[in-house]
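This report describes the fold, the strand pairing and selected side-chain interactions of one protein chain. The sequence and the structure are shown first, and the discussion follows under short headings.

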Amino acid sequence: MVDSNVTGFSHTAVLVSPVYNRSHHGHSKCLRFRYMLKGPGEKTLTIYQKADNGREIPVWVSKNETGSNWIYGQVPLGSISKFQVKLCLDPGRSKLIISY
């Protein structure tokens, strides 16, 4: 867990997946997740698909406050090459807590 009250920082938090193999036979993979954006100020959660050439494409963005509710999200991930998934949370000027 990362808590900005302890670190004193409100920087963007980044989580990067291991490398995944390309999609087989044109079938996409599905990333399913839960998230909570809570508290004052604007926060942005962005999910990128990072190709093996280093190019990052945003595939999902949320700026909506969820209150105290965990929200389910999902995004299809198709690729002709190996890729990674990168999650970025910009807490704005809010307290940041990340649990993984």
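## Ser 79 and its surroundings

Ser 79 is placed in the loop between E6 and E7. The model discussed here is a predicted one. With a relative accessible area of 16%, Ser 79 is buried. A polar atom of the Ser 79 side chain lies 2.6 Å from the backbone oxygen of Ser 81.

Beyond its neighbours within four places in sequence, Ser 79 is in contact with Arg 22, Ser 23 and Gln 49. One of these residues, Gln 49, also has a place in the strand pairing, where Gln 49 stands opposite Val 85 in E7.

## Overall composition

The secondary structure of the protein amounts to one helix and eight strands. Read from the N terminus, the elements follow the order β-α-β-β-β-β-β-β-β.

The protein has 100 residues, of which 31% count as buried. Among contacts between residues at least 6 apart in sequence, 77% join residues at least 24 apart.

## The four-stranded sheet

Four strands form an open sheet in the order E2-E7-E4-E5, and their pairing is antiparallel. Strand E2 (13-16) and strand E5 (56-62) are the edge strands, each pairing on one side only. On average, neighbouring strands of this sheet are turned by 20° against each other, direction ignored.

Strand E7 (residues 83-90) pairs with strand E4 (residues 44-51) in the antiparallel sense over eight bridges. Within the pairing with E7, Lys 50 stands opposite Gln 84, and Gln 49 stands opposite Val 85. E2 and E7 also run antiparallel and are joined by four bridges. Here Val 16 has Lys 86 of E7 as its bridge partner.

## Burial of strand E7

How many of the eight residues of E7 are buried? Six of them are, so E7 is largely enclosed by the rest of the structure. Lys 86 is buried, with a relative accessible area of 18%. Cys 88 is likewise buried, at 12%.

The cut-off for burial is a relative accessible area under 20%. The 18% of Lys 86 falls under this limit, which is why Lys 86 counts as buried.

## Salt bridges

Two salt bridges are present in the structure. In one of them, Glu 56 is paired with Lys 86, and the closest N and O atoms are 3.1 Å apart. Glu 56 lies in strand E5 and Lys 86 in strand E7, so the pair ties together parts that are 30 residues apart in sequence. Glu 56 counts as partly exposed at 30% relative accessibility, whereas Lys 86 is buried at 18%. Lys 86 thus takes part in this salt bridge and is also the bridge partner of Val 16 in the sheet.

The side chains of Lys 63 and Glu 42 form a salt bridge as well, with an N to O distance of 3.9 Å. This pair links distant parts of the chain, 21 residues apart: Lys 63 is in the loop between E5 and strand E6 (71-77), and Glu 42 is in the loop between strand E3 (29-35) and E4. Lys 63 counts as exposed at 52% relative accessibility, and Glu 42 is exposed with a relative accessible area of 55%.

## Cysteines

The structure holds zero disulfides. Cys 30 is partly exposed, with a relative accessible area of 43%, while Cys 88 is buried at 12%.

## Thr 12 and the residues it meets

Thr 12 is placed in the loop between helix H1 (4-7) and E2. At 44% relative accessibility, Thr 12 counts as partly exposed.

Which residues are in contact with Thr 12, leaving aside its neighbours within four places in sequence? They are Cys 88, Leu 89, Asp 90 and Pro 91. Thr 12 and Cys 88 are 76 residues apart along the chain, yet their C-alpha atoms are separated by 6.5 Å. The two residues carry opposing labels for accessibility: Thr 12 is partly exposed, and Cys 88 is buried.

Key: Residues are numbered from 1 along each chain as its sequence is written. This is a predicted model: local features need pLDDT of at least 70, side-chain atom pairs count only at pLDDT 80 or more; totals for chains, interfaces and linings use all residues. Side-chain values use heavy atoms; hydrogens and water are left out. Two strands pair if DSSP finds at least two bridges between them. Helices (H or I, at least four residues) and strands (E, at least two) are DSSP runs, numbered from the N terminus. Axes are lines fitted to C-alpha atoms, for helices over the stretch in contact, and angles run from 0 to 180 degrees between N-to-C directions. A salt bridge is a side-chain nitrogen of Lys or Arg within 4 Å of a carboxyl oxygen of Asp or Glu. Buried means under 20% relative accessible area, exposed over 50%, partly exposed in between (1.4 Å probe, protein chains only). A disulfide is a pair of cysteine sulfur atoms within 2.5 Å. A polar contact is a pair of N or O atoms within 3.5 Å; within protein, one must be able to donate a hydrogen and the other to accept it, and residues adjacent in sequence count only if both atoms are side-chain atoms. Contact means heavy atoms within 4.5 Å.
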